[in-house]
Amino acid sequence: MMSVIATLPGFENPLLWILGVPLGSAGFLVVLKSWRTATWVNVGASAVTFLSSLALLEHRPAATRLLFIDDFNVYLVVLTSFVGLTTAVFSAAYIARESEAQRLSDLHLRFYHSMYQAFLFTMLLALTANNTGVMWVAVEAATLTTVLMVSLYRTREAIEAAWKYFILCSVGIGLALFGTTLVYLAAQPVMGDGADAMAWTLLVKRAHDFQPDLLNLAFVFVLVGYGTKVGLAPLHSWLPDAHAEGPTPISAVLSGLLLNVALYALLRFKMLMSANPHTLTPGPLMIMMGLSSLFLAAFMLYRRGDIKRLFAYSSIEHMGVITFAFGMGGALANFAGLMHMTMHSLTKSAIFFAVGIISQNAGTKRIADIRGLTSSHPVLGWGFVLAVLAIAGLPPMGVFMSEFLVLSSTFARAPLLAIPLALGLLLAFGALVSRLQMMAFGEPPPQQHGHGEASAVSNILALTPLWVHMLLVLVAGLYLPRELVAWFQAVARVLG
Amino acid sequence: MAELSQFSYEVAHLIGATVLMAGFQLLYQRRLFAVLNTFAFQALALAAAAAWQAHVQNAPHLYITAAIALVFKAIIVPGALHWLVEKLGIHRSVETAMSIGWTMMAGVALVALSILLVLPVTANAAALTRESLALAMSVILLGLLMMITRRNAVTQVVGFMALENGLILAAVSAKGMPLVVEISIAFSVLVAMTLFGIFFFRIRERFETLDLNDLETYRGDRQ
């Protein structure tokens, strides 16, 4: 703590900006009365956070007892602050229309913007914390802020979704805390009392001396605990409700970012397991949970009538694929998993941007009532088509490439596991494409009961983030810069 | 680190067992107010456990954890829940999803499981930590069991807090673990939020009942 404060005067440490700006603006936004100003403060703060995170690529501050940056978390920090920024831009357009339709009061909006920044802060803290306990507190706080945002509309469904989310995830993080305590107990005889035995940077170096049985027990609790937050089956049941009932920008950051953060926490513990030669291999457990999530979600996709739930289940599917990839382990599968985390995050948030505008236009979330998007709103409609095809795994998009890598690396090492994986992916593909066809093509319904048409400015504001994300995903599918590949490979090796 | 005498070890053991016993009591209470009183008693025992660890480990910051357990969990939370139950007119009897006999048997099995799991794997840890950890894990699993077998939202919240008592018991028993105070504060915020949630969202008004089974009517999108 002291060493962090010591660097304060110079502000040389970009981490302080990355954490300080969201925290400070969360406080400021509580007292800011005008929601119109608040949307722009929100965008501005997210932009500053994103720019500071870019500084991390140039200059990496030395690890302290509280915070650290390494190859693994730096890319997630950049990704998180980038999606945080684009979602803030989308949110500006979304919130303006919600407010015009009087679905949200001024007080709720003030609260919403403050919580948005607080949520970014907790996620970035969880990613950069060099202490298992601080990371846990950050994930817990992230749960709290999102529970509050999921219940924002105060409808029966929203409160029910928030309550379910709250109870399930509280138990989840409770179990994760027990796992964290057990890891401390495993480390304490080797490293002595105090904060050293909780610091990631030090733990990994000494993990081979820890008692393996204790680590095994700890990992089971951590897997179940943080796995609940990742949305792995059978602990996923909070996820579709929370995504469907909250404001759409929140669905975008929940799917695109929070699930990644929970998975990051899990992977950090997996690194400890891999560093110790005598522990269980965590792989089979993760492969099993990954596959069951994939299958469950793939089947559920066929029965969805609500557009936001449809894509929430698709998130469960993709988190399943990612967990499967990391469970396989090895340089190639880890590489594929990291790549898929990035691609899913960009594509899924883009989809939720589109879904937000679509459901505002149509005034409904029912898939059956949404038709002919490509003829009624071409820019939005085709962007949506592109994004859904991308998430379904069609080439040449980035998601295809990462799924292909997962599949081919599995074929090379365990062909029997590759068969269910391919089957699950095909099932999900079929479901998404058939739903997409219903929504995107055909005659648009004659009368829309929505909020009316958006203004040109609002349209540009809402659609830019969508197309920026899709462009990135498309480019990643066609060409990855050599530096980026080398970097992913370096991280993949660290993950073991 | 103070000298670990046989006496201090036995006292820690005794207090831990009291927390566990309260966890069992929570399983068979049939009236809501009795559940709240039992929970208050468990929190009291937890406060004693934390204070004793603070003394034995010579770790003054654990006194703060003890104070939080005493003031917040043993007094404020049960009081607030008591008030909520009266104010919102919630049913005073507890519905169970499983008969009490079966619940108790499951509880005994869970305690046996945690002892069998924890004792062999902590052979290297200090004896004080070892037994406390087994007790703490039993309390956690009993809290989980309570959340599963009780249908009422208030008892579910109490089950969650009992689980959390187990977590804090584990954390204070882990010798020299940092951040215990921060963690117990984080939990208190979480619990406070739930209480506010029940009150301000008027869960009863919206759903007619706090029975989570009735909340399930919506569950996704029936077409």
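Trainee: Which residues are buried in α16(A)?

Mentor: In this predicted model, the buried residues of α16(A) include Leu380(A), Gly381(A), Gly383(A) and Phe384(A). Further along the helix, Leu386(A), Ala387(A), Val388(A), Leu389(A), Ala390(A), Ile391(A) and Ala392(A) are buried too. The helix is mostly covered, with 11 of its 15 residues buried.

Trainee: What covers the buried residues of α16(A)?

Mentor: The covering elements include α13 (307-328), α14 (330-362) and α15 (373-376) of chain A. Also among them are α17 (398-413), α18 (415-440) and α19 (456-478) of chain A.

Trainee: How many Å should the 15 residues of helix α16 of chain A span?

Mentor: One takes 1.5 Å times one less than the number of residues. For residues 378-392 of chain A the expected span is therefore 21 Å, and the end C-alpha atoms are 21 Å apart, which agrees.

Trainee: What phi does Gly393(A) take, just after α16(A)?

Mentor: Gly393(A) has a positive phi of about 100 degrees.

Trainee: How should I read a positive phi in a residue that is not a glycine?

Mentor: Most residues other than glycine have a negative phi. In this structure, Arg154(A) is not a glycine, yet its phi is positive, about 60 degrees. Arg154(A) lies in the loop between α6 and α7 of chain A. In chain B, Asn58(B) also is not a glycine and has a positive phi, about 55 degrees. Asn58(B) is in the loop between α2 (32-56) and α3 (61-87) of chain B.

Trainee: Why does Asn58(B) count as exposed?

Mentor: A residue is exposed if 12 or fewer other C-beta atoms lie within 10 Å of its own. Asn58(B) has 12 such neighbours inside 10 Å, so Asn58(B) counts as exposed. Arg154(A) has 15 other C-beta atoms within 10 Å and is therefore partly exposed.

Trainee: Where are the cis peptide bonds of Pro234(A) and Pro396(A) found?

Mentor: Most peptide bonds are trans. A cis bond joins Ala233(A) and Pro234(A), with omega about 0 degrees, and Pro234(A) lies in the loop between α9 and α10 (238-245) of chain A. The bond from Pro395(A) to Pro396(A) is cis as well, with omega near 5 degrees. Pro396(A) is in the loop between α16 and α17 of chain A.

Trainee: How many residues of chain A are in contact with chain B?

Mentor: There are 35 residues of chain A in contact with 38 residues of chain B. On the chain A side, α6 (132-150), α7 (156-191) and α9 (212-230) each supply at least two residues. Helix α7(A) gives the most, with 16 residues. By class, this side has 17 nonpolar, 9 polar and 9 charged residues.

Methods:
Residues are numbered from 1 along each chain as its sequence is written. Chains are lettered from A and ligands numbered from 1 in the order in which they are written. This is a predicted model: local features need pLDDT of at least 70, side-chain atom pairs count only at pLDDT 80 or more; totals for chains, interfaces and linings use all residues. Helices (H or I, at least four residues) and strands (E, at least two) are DSSP runs, numbered from the N terminus. A residue is buried if 20 or more other C-beta atoms lie within 10 Å of its own, exposed if 12 or fewer, and partly exposed in between; C-beta atoms are placed from the backbone. Two residues are in contact if their C-beta atoms, placed from the backbone, lie within 7 Å. Ala, Val, Leu, Ile, Met, Phe, Trp, Tyr, Cys and Pro count as nonpolar, Asp, Glu, Lys and Arg as charged, and the others, Gly among them, as polar.
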